[in-house]
Amino acid sequence: AGSGAQVDWGGCAWLSLGTMALSSCANAVNQAMEVSNDALMKRTRGRPLPAGRLSVAHALGFAAACGVAGAAILWTQNNALTAGLGVANVALYTLAYTPMKTRHIANTWVGAVVGAAALQFWQLPHFMSLAWLCRHDYAAGGYRMLPLVDPTGSKTAAVALRNSVYLLPLGFLAEHWGLATQEFTYEAAALSTALACAALVFYMSPSVETARTLFRASLLHLPLYMASLLWHRIPQEGPSAASAEAEETNKPTLMPFPFAYMPVVAQEMRPRDTTSPEPRGEPPGSSRGRAGALKGSEGTQPRLRAPCPRRRAPSASAGVSQRRPLKEHVQRVVSGAIEVRDAPVALETE
């Protein structure tokens with residue numbers, strides 16, 4: 001979502017390859033450290049290491065090759081930050097998460113740290129449902145999982161439900177921060193709502209069937225969620241973002257009363273020049289009259305003072321024109337004789 005208008009497909013391919021290599025490194029180290037435990041579980045006893053088809057030395061050599069290759073690819077083809085984050089995730093997975101699996105039930109939360117916000121929240125309902133399905137197998141392998149200390153499944157289901165709900169506002173945040181369009185907000189909310197409903201069913205009735213439903217829903221949720229984010233992303237660079245910003249800057253505004261229907265382009269208010277006195281009695285059309293009328297005090301809106309002639313008793317020679325100074329003044333404003341671009345005009349009569 002943070003990329004430019006044009007997708008660098010070559011860079012994405014190298015990123016995927018480097019990430020896959022580092023993930024293979026972490027997984028190989030994990031299995032090399034858990035050979036004896038995996039041999040006790042029905043779900044994992046058929047893996048190459050517990051089954052004896054591969055030695056631990058070969059597994060560690062494969063892990064080292066994948067780790068070096070993955071870090072080198074991300075460093076040379078992407079950037080140092082991406083490579084550093086990848087190596088840090090491998091270290092967290094192998095040095096913190098894997099040893100904790102046989103020591104404390106908090107291992108699932110530690111392992112979820114390797115993901116971003118959406119991926120971290122997604123991992124809890126995914127792995128809690130899996131842990132409930134395989135709770136007897138985990139107990140045989142000596143792993144400390146939450147379902148082993150939660151016979152009723154209420155705590156396990158509550159964790160899954162709570163983190164499913166945490167996914168709901170992420171789409172709105174992505175739109176608010178300019179990372180994705182409004183369509184992603186709706187689609188992400190719909191997907192997360194479906195996952196939360198599956199978690200709610202598991203919470204109301206913990207069982208193998210409801211846990212399996214939640215597990216399958218999590219398998220569908222993540223790829224659809226990420227695909228929607230990629231499809232509705234907002235480029236952070238390029239001409240589209242610059243043109244949108246320029247359009248917003250030049251957007252016309254409406255002047256307040258009494259000229260509420262005269263669209264003008266918003267301009268910065270100019271500070272009042274206190275060195276020269278405000279001109280009085282200048283004709284509205286003169287340059288000094290316009291300059292004095294547009295001056296304003298700092299922090300307040302300037303007023304356009306256009307004095308009208310003092311009203312006098314009508315004479316026979318004056319006719320009807322002297323009885324309508326305000327109308328003439330409004331006509332001057334409408335015709336452009338008096339500038340009204342920077343602030344609303346305050347009409348005053350003496």
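This report covers the nonpolar cores, helix α7 and the salt bridges of a predicted model.

Residues are numbered from 1 along each chain as its sequence is written, and side-chain values use heavy atoms, leaving out hydrogens and water. In this predicted model, local features need pLDDT of at least 70, side-chain atom pairs count only at pLDDT 80 or more, and totals for chains, interfaces and linings use all residues.

**Nonpolar cores**

A nonpolar core here is a set of buried Ala, Val, Leu, Ile, Met, Phe, Trp, Tyr and Cys residues joined through side-chain atoms within 4.5 Å. Buried means under 20% relative accessible area, exposed over 50%, and partly exposed in between (1.4 Å probe, protein chains only). The largest nonpolar core has 25 residues. Met128, Phe184, Phe202, Leu214 and Tyr225 touch the most other members. Two or more residues come from each of α7 (117–133), α9 (154–166), α10 (170–176), α11 (182–204) and α12 (208–231). Helices are DSSP runs (H or I, at least four residues), numbered from the N terminus. The top contributor is α11, with 6 residues.

Leu214 touches Pro125, Ser129, Ala160, Leu195, Ala198, Ala199 and Phe202, leaving aside residues up to four places away in sequence. Contact means heavy atoms within 4.5 Å. Apart from the largest core lies another, of 10 residues, including Cys25, Val29, Ala63 and Cys66.

**Helix α7**

The expected span of a helix is 1.5 Å times one less than its number of residues. For the 17 residues of α7 that gives 24 Å; the end C-alpha atoms are 25 Å apart, which agrees. Buried residues of α7 include Trp122, Leu124, Met128, Leu130 and Trp132. Gln123, His126 and Ser129 are also among them. The buried residues of α7 pack against α6 (107–112), α8 (135–141), α9, α10, α11 and α12.

**Salt bridges**

A salt bridge is a side-chain nitrogen of Lys or Arg within 4 Å of a carboxyl oxygen of Asp or Glu. The whole structure holds 2 salt bridges.

| Salt bridge | N to O distance |
|---|---|
| Lys101 – Glu34 | 3.2 Å |
| Asp38 – Arg47 | 3.3 Å |

Lys101 lies in the loop between α5 (80–100) and α6, and Glu34 in the loop between α1 (9–33) and α2 (35–38), so the pair ties together parts that are 67 residues apart in sequence. Lys101 counts as buried, at 10% relative accessibility. Glu34 counts as buried too, at 4%.

In the other pair, Asp38 is buried at 2% relative accessibility. Its partner Arg47 is partly exposed, with a relative accessible area of 25%.
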